[in-house]
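Please look through the structure shown here, beginning with the packing in its interior and ending with the surroundings of its ligand.

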Amino acid sequence: MAKPISVNIIGSGNVATHLLREFLKHPEIHINQIFARKLQNLKEFEDVAPMINDIDLLKPADITIISITDDAVSEFSKKLKNYRELVVHTSGSLDINDLQTEQKGVFYPFQTFSKLNKNINFKEIPILIEATKKENLEVLQKLANIVSNNVLEINSQQRFQLHIAGVLVANFVNHLYYQAGKLLEKNNLSFDLLKPLIMETARKVQNLSPENAQTGPAKRNDKLIINKHLKAIEDKNLNEIYKLLTRNIEETYKK
Ligand SMILES: NC(=O)c1ccc[n+]([C@@H]2O[C@H](COP(=O)([O-])OP(=O)(O)OC[C@H]3O[C@@H](n4cnc5c(N)ncnc54)[C@H](OP(=O)(O)O)[C@@H]3O)[C@@H](O)[C@H]2O)c1
């Protein structure tokens, strides 16, 4: 077997944890060191790789992945200013040049990660990579191809737009699940009732375009029902969200 790719992971949050869980499954990847401010967050990896909470102890690796809060990445990367090897971040909305390091790159796994969810199939996750140098892009490609069947090189501007799209389809939709759940709870109904509808809505767009898949009162321009719904939605913010989305759907399908 060729020499494994060595990787340092910086961070102990959702993404760092999932990357570690996945990388450890592949003998072609060697976890060199893990850095976190609070090592107690990384207990599950205690026996698998050296852990440090002093960044000055970081040893060279082919790729160092900074996976921390977006707001902290640029400042943190300054600590690696004199580090000679490739350093990447995992953020959708940060530019590659937000890294204050000599060798820069991005390794963006386009999925929603929560530590508590262990069922993630990395093979299906698009991994968007970027680097300023050809040789760095190649090593990122190598790492990404070990874990995923869906690797693409895109630039920071494209990744930024992709992140916005992700917020729409994942974070906003999930928030609507939350709001829908509250409505049901108030009426002694279980969130489980929504699950087949949620699944079918997600399944449908695997084959149909979202435009063709749309149904509902706004698409049908069913004013009576829309007004009845609006009268019944007491929560002011939810009422606004309903109105705005309805107007936007109506405008989309206006002949
Ligand atoms: N979650 C997702 O679904 C997802 C998907 C794709 C990409 N991303 C990107 O991946 C990165 C990490 O996201 P996440 O969801 O894993 O975050 P997270 O779960 O909120 O974890 C944030 C991590 O950042 C560390 N941190 C915060 N400020 C720090 C600082 N000043 N110095 C050192 N460490 C610091 C925290 O350490 P402490 O515990 O010590 O505070 C924690 O380990 C972000 O760039 C995010 O945009 C997230």
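Two residues are taken to be in contact if their C-beta atoms, placed from the backbone, lie within 7 Å. By that criterion, and leaving aside its neighbours within four places in sequence, Phe-107 is in contact with Ile-65, Val-88, Thr-90, Ile-127, Ile-129, Leu-140 and Ala-144. The coordinates behind this list belong to a predicted model.

Phe-107 also appears in a wider setting, since the largest nonpolar core has 36 residues, and Phe-107 is listed with Ile-9, Ile-63, Ile-65, Val-88, Ile-129 and Leu-140 as having the most contacts inside it. Two or more residues of this core come from each of the strands E1 (5-10), E2 (29-35), E4 (63-66), E5 (86-89), E6 (103-109) and E7 (127-131), and likewise from the helices H1 and H3 (134-147). Helix H1 gives the most to this core, with five residues. In soluble globular proteins, nonpolar side chains tend to be buried together.

For the protein as a whole, there are nine helices and eight strands, and the C-alpha trace spans about 65 × 40 × 35 Å along its principal axes. Of the 255 residues, 24% are buried, while residues 24 or more positions apart account for 53% of the contacts with a separation of 6 or more.

Turning to the ligand, there are 22 residues around it, of which Gly-13, Arg-37, Ile-68, Ala-72 and Ser-91 come nearest. The elements that give two or more residues to this shell are helix H1 (14-23) and helix H2 (70-77). By residue class, the shell divides into eight nonpolar, eleven polar and three charged residues.

Terms used
Residues are numbered from 1 along each chain as its sequence is written. This is a predicted model: local features need pLDDT of at least 70, side-chain atom pairs count only at pLDDT 80 or more; totals for chains, interfaces and linings use all residues. A residue is near a molecule or strand if its C-beta atom, placed from the backbone, lies within 6 Å of it. Helices (H or I, at least four residues) and strands (E, at least two) are DSSP runs, numbered from the N terminus. Ala, Val, Leu, Ile, Met, Phe, Trp, Tyr, Cys and Pro count as nonpolar, Asp, Glu, Lys and Arg as charged, and the others, Gly among them, as polar. A residue is buried if 20 or more other C-beta atoms lie within 10 Å of its own, exposed if 12 or fewer, and partly exposed in between; C-beta atoms are placed from the backbone. A nonpolar core is a set of buried Ala, Val, Leu, Ile, Met, Phe, Trp, Tyr and Cys residues joined through C-beta atoms within 7 Å.
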